[in-house]
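I opened this notebook to record what surrounds the bound ligand and how one sheet is put together. The entries follow in the order in which I looked things up.

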Amino acid sequence: MTIQELKQEFVSCYGEGGEIRIFWSPGRVNLIGEHTDYNGGYVFPAALSMGSMIALRPRTDHIVRMKATDLPDLVEVDTHRLEDYRDLSWGNYQAGVMNELQKAGYEICACDMLFDDTLPHGGGLSSSAAIEVVTALAFATLSNEKKGIKEPVDMIEMALIGQKTEHNYIGVNCGIMDQFASAMGKKDSAIFLKCDTMEYRHVGLDMEGYTLIISNTNKKRSLASSKYNERRAECEAGLATLKTFFPEASSLSDISYKEFLLHADSIQDETVRKRVKHVISENERVLNSVKALSSGDMISFGQLMNASGDSLRYDYEVTGDELDALVEEARKVDGVIGSRMTGAGFGGCTVSLVKAEAVEAFIAKVGEAYEKKIGYPASFYVSQIGDGGHEMV
Ligand code: GLA
């Protein structure tokens with residue numbers, strides 16, 4: 001929807017009068033660096049041009065009314081009782097963000113809101129982070145204005161508010177990558193981020209004639225959050241063992257791959273050993289990818305994407321038939337130099353690096369083979385890399 005269309009729809013939901021403001025935050029695609037963020041490691045995501053847009057107008061009471069352009073319900077939230085909305089089937093992320101902001105000292109302004117989301121829900125492109133960051137940005141902006149604070153909203157703080165919402169309100173023990181990418185993205189750049197220190201820099205994505213294609217398995221994810229939390233626990237168990245040799249290590253990312261190999265056998269549980277191997281080797285792949293991309297070496301970058309994908313499939317074991325089918329079929333297409341799952345896994349999306357002239361053939365061939373193997377169609381997006389969260393005028 002365009003800004004004008006969203007404003008018109010807002011008026012038909014809530015009526016005329018007063019200024020309507022528009023806020024935006026994107027989803028993300030992670031190029032490489034998967035399941036490293038909650039292990040203090042490196043990630044390399046980019047913000048998409050798909051995301052979450054809000055039209056908003058303040059009210060004078062203490063009620064926030066929320067609606068989405070693709071859902072029939074109107075949800076009401078009382079800003080005096082923000083702890084009470086965990087069970088909402090839609091609106092819980094927004095209520096959780098308001099709750100975290102309030103705890104952090106922000107005033108939650110009553111308002112009417114209309115959300116327009118262009119990301120597939122639960123598709124692994126961080127539709128939740130986009131909603132969290134755009135909600136945080138909108139309420140923090142209004143709160144700062146009310147208090148006469150002139151500085152722009154601190155977007156890294158908004159990312160952290162989104163992450164706390166996941167931990168404290170939703171019950172997913174996620175890392176910071178998704179919210180950071182949504183808050184701090186930059187057009188045509190990826191973000192090279194070290195997740196323990198939050199040091200980051202943007203790396204220009206000059207794709208040298210290649211395109212990133214996102215392929216969605218369209219698999220209904222189930223139990224993804226419990227499997228996600230299980231992986232975290234396995235990494236913690238691995239770290240506990242390796243700490244015998246590296247007492248200073250505060251996360252797996254403080255241990256190099258060489259060091260891990262020297263002591264890998266000390267981890268008795270084979271599953272835990274494989275999880276640790278993935279995390280530590282993935283950190284090295286991110287560093288090498290940033291180098292490769294910075295020098296325009298797309299072939300090496302593609303190979304690193306493939307190695308990451310294989311590690312996620314065989315060592316971290318977060319893929320499944322649908323993601324495996326998409327990656328296998330993608331790698332068969334001429335002009336594809338890298339393909340891997342992106343995000344948490346267990347369904348969701350893949351990202352493939354494809355020669356610009358091979359895009360049509362890719363979509364046709366992978367689409368047909370996937371449907372034949374899996375029984376229902378995949379979706380494909382050639383999304384642009386866009387800016388992070390901001391108010392739109
Ligand atoms: C999800 C989480 C992120 C990150 C990825 C895996 O998207 O929200 O924090 O852990 O999975 O890399």
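I looked up the polar contacts of the ligand, that is, pairs of N or O atoms within 3.5 Å. A polar backbone atom of glycine 175 is 3.0 Å from an oxygen atom of the ligand. Arginine 28 places a polar side-chain atom 3.0 Å from a ligand oxygen, and for aspartate 178 the corresponding side-chain distance is 2.7 Å. The protein buries 93% of the 300 Å² that the ligand exposes when taken alone (Shrake-Rupley method, 1.4 Å probe).

I noted the provenance: this is a predicted model, in which local features need pLDDT of at least 70, side-chain atom pairs count only at pLDDT 80 or more, and totals for chains, interfaces and linings use all residues. Residues are numbered from 1 along each chain as its sequence is written, and side-chain values use heavy atoms, with hydrogens and water left out.

I then listed the shell, taking residues with a heavy atom within 4 Å of the ligand. Among them are Glu34, His35, Asp37, Tyr38, Cys174, Met177 and Tyr228. By class, the shell holds 5 nonpolar, 3 polar and 4 charged residues, with Tyr and Cys counted as nonpolar and Gly as polar.

I turned to the sheet, using DSSP strands of at least two residues and calling two strands paired at two bridges or more. The open sheet has 3 strands in the order 2-7-8, with antiparallel pairing. Strand 2 (42-43) and strand 8 are at the edges with a single partner strand each, so one side of each lacks a neighbour in the sheet. Strand 7 (residues 189-194) and strand 8 (residues 199-204) pair over 6 bridges. Isoleucine 191 has histidine 202 in strand 8 as its bridge partner.

Key. Polar contact = N/O pair within 3.5 Å; in protein donor to acceptor, adjacent residues only side chain to side chain. Helix = DSSP H or I, 4+ residues; strand = E, 2+ residues; numbered from the N terminus.
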